Amino acid sequence: MMNILKVALKEFFGMFIDDGALALAALLLIAIVGILVKFAHVDALLAATLLLLGCLLILAESVARAARQKFQRK
């Protein structure tokens, strides 16, 4: 019964989140920039720049990881 629940939950989250590492990194980036804005009084333009650059780095890493996995399968 527990295996069925695990598989069902994994499939449910798989419908929305295909790459868990990508989603986790994006959430961490948003949290860190949010904390910087709230407590370190980081300028909005700097915060937006950090979000943009962070997202680009996260996406590049995700694409590189997916390419490595695809290349290793062949």
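Does Arg-65 count as buried or exposed, and at what relative accessibility? I looked this up before anything else. Arg-65 counts as buried, at 18% relative accessibility. The cut-off matters here, because buried means under 20% relative accessible area. I note that the model is a predicted one.

**Entry 1: surroundings of Arg-65**

I placed Arg-65 in helix H3. I then listed its contacts, setting aside residues up to four places away in sequence, and found that Arg-65 touches Asp-19, Ala-21 and Leu-22.

**Entry 2: salt bridges**

How many salt bridges does a search of the whole structure find? My search returned 2.

I recorded one of them between the side chains of Asp-19 and Arg-65, with an N to O distance of 2.5 Å. Asp-19 is in the loop between H1 and H2 while Arg-65 is in helix H3, so this pair ties together parts that lie 46 residues apart in sequence.

I recorded another between the side chains of Glu-61 and Arg-65, at 3.1 Å from N to O. Glu-61 and Arg-65 are 4 residues apart in helix H3, which means that about one helical turn separates them. Glu-61 counts as partly exposed, with 40% relative accessibility.

I therefore drew Asp-19, Glu-61 and Arg-65 as linked in a network of salt bridges, since a salt bridge is a side-chain nitrogen of Lys or Arg within 4 Å of a carboxyl oxygen of Asp or Glu.

**Entry 3: Asp-19**

Where does Asp-19 lie? I found Asp-19 in the loop between H1 and H2. Its relative accessible area is 23%, and Asp-19 is partly exposed. Not counting residues up to four places away in sequence, Asp-19 touches Ser-62 and Arg-65. I also checked a C-alpha separation: Asp-19 and Ala-66 are 47 residues apart along the chain, and their C-alpha atoms are separated by 9.6 Å.

**Entry 4: Ser-62**

I turned next to Ser-62, which is found in helix H3. Ser-62 counts as buried at 11% relative accessibility. With neighbours within four places in sequence left aside, Ser-62 is in contact with Asp-19 and Leu-22.

**Entry 5: Leu-22**

Which residues does Leu-22 touch, not counting residues up to four places away in sequence? I listed Ile-58, Leu-59, Ser-62 and Arg-65. Leu-22 itself is found in helix H2. At 25% relative accessibility, Leu-22 counts as partly exposed. I also looked up the pair Leu-22 and Glu-11: they are 11 residues apart in sequence, and their C-alpha atoms are 17 Å apart in space.

**Entry 6: helix H3 as a whole**

I compared the length of H3 with expectation. H3 covers residues 44–73, and its 30 residues should span 44 Å at 1.5 Å a residue; the end C-alpha atoms are 43 Å apart, which agrees.

I then listed the buried residues of H3: Ala-47, Gly-54, Ile-58, Ser-62 and Arg-65. Against what do the buried residues of H3 pack? I identified helix H2, residues 20–39, as the element they pack against.

**Entry 7: nonpolar core**

I looked up the largest nonpolar core and counted 5 residues in all: Leu-29, Val-33, Val-42, Ala-47 and Ile-58. At least two residues of this core come from H2, and at least two from H3. I followed Ala-47 further: leaving aside neighbours within four places in sequence, Ala-47 is in contact with Val-33, Val-37 and Val-42.

**Entry 8: helix H1 and the surface patch**

I repeated the length check on H1. Its 15 residues should span 21 Å at 1.5 Å a residue, and its end C-alpha atoms are 22 Å apart, which agrees. How many of the 15 residues of H1 are buried? I counted 0, and I note that H1 is hardly covered.

I then examined the nonpolar patch on the surface. Leu-9, Phe-12, Phe-13, Met-15, Phe-16 and Ile-17 form this patch, and together they have about 670 Å² of accessible area. Leu-9, one of these residues, is found in helix H1, residues 2–16.

**Entry 9: recapitulation**

I close with two points for the record. The buried residues of H3 pack against H2, whereas the count of buried residues in H1 is 0. Arg-65 is in both of the salt bridges listed above, with Asp-19 and with Glu-61.

Key: Residues numbered from 1 in each chain as written. Predicted model: local features only at pLDDT ≥ 70, side-chain atom pairs only at ≥ 80, totals over all residues. Heavy atoms only, no water. Expected span 1.5 Å × (residues − 1). Buried < 20%, exposed > 50% of the residue type's maximum accessible area, 1.4 Å probe, protein only. Contact = heavy atoms within 4.5 Å. Patch = residues over 30% accessible without salt bridge, like charges linked within 9 Å, V, L, I, M, F, W, Y side chains within 5 Å. Areas by Shrake-Rupley, 256 points an atom, 1.4 Å probe, with all protein chains shown as cover. Core = buried A, V, L, I, M, F, W, Y, C linked by side-chain atoms within 4.5 Å.
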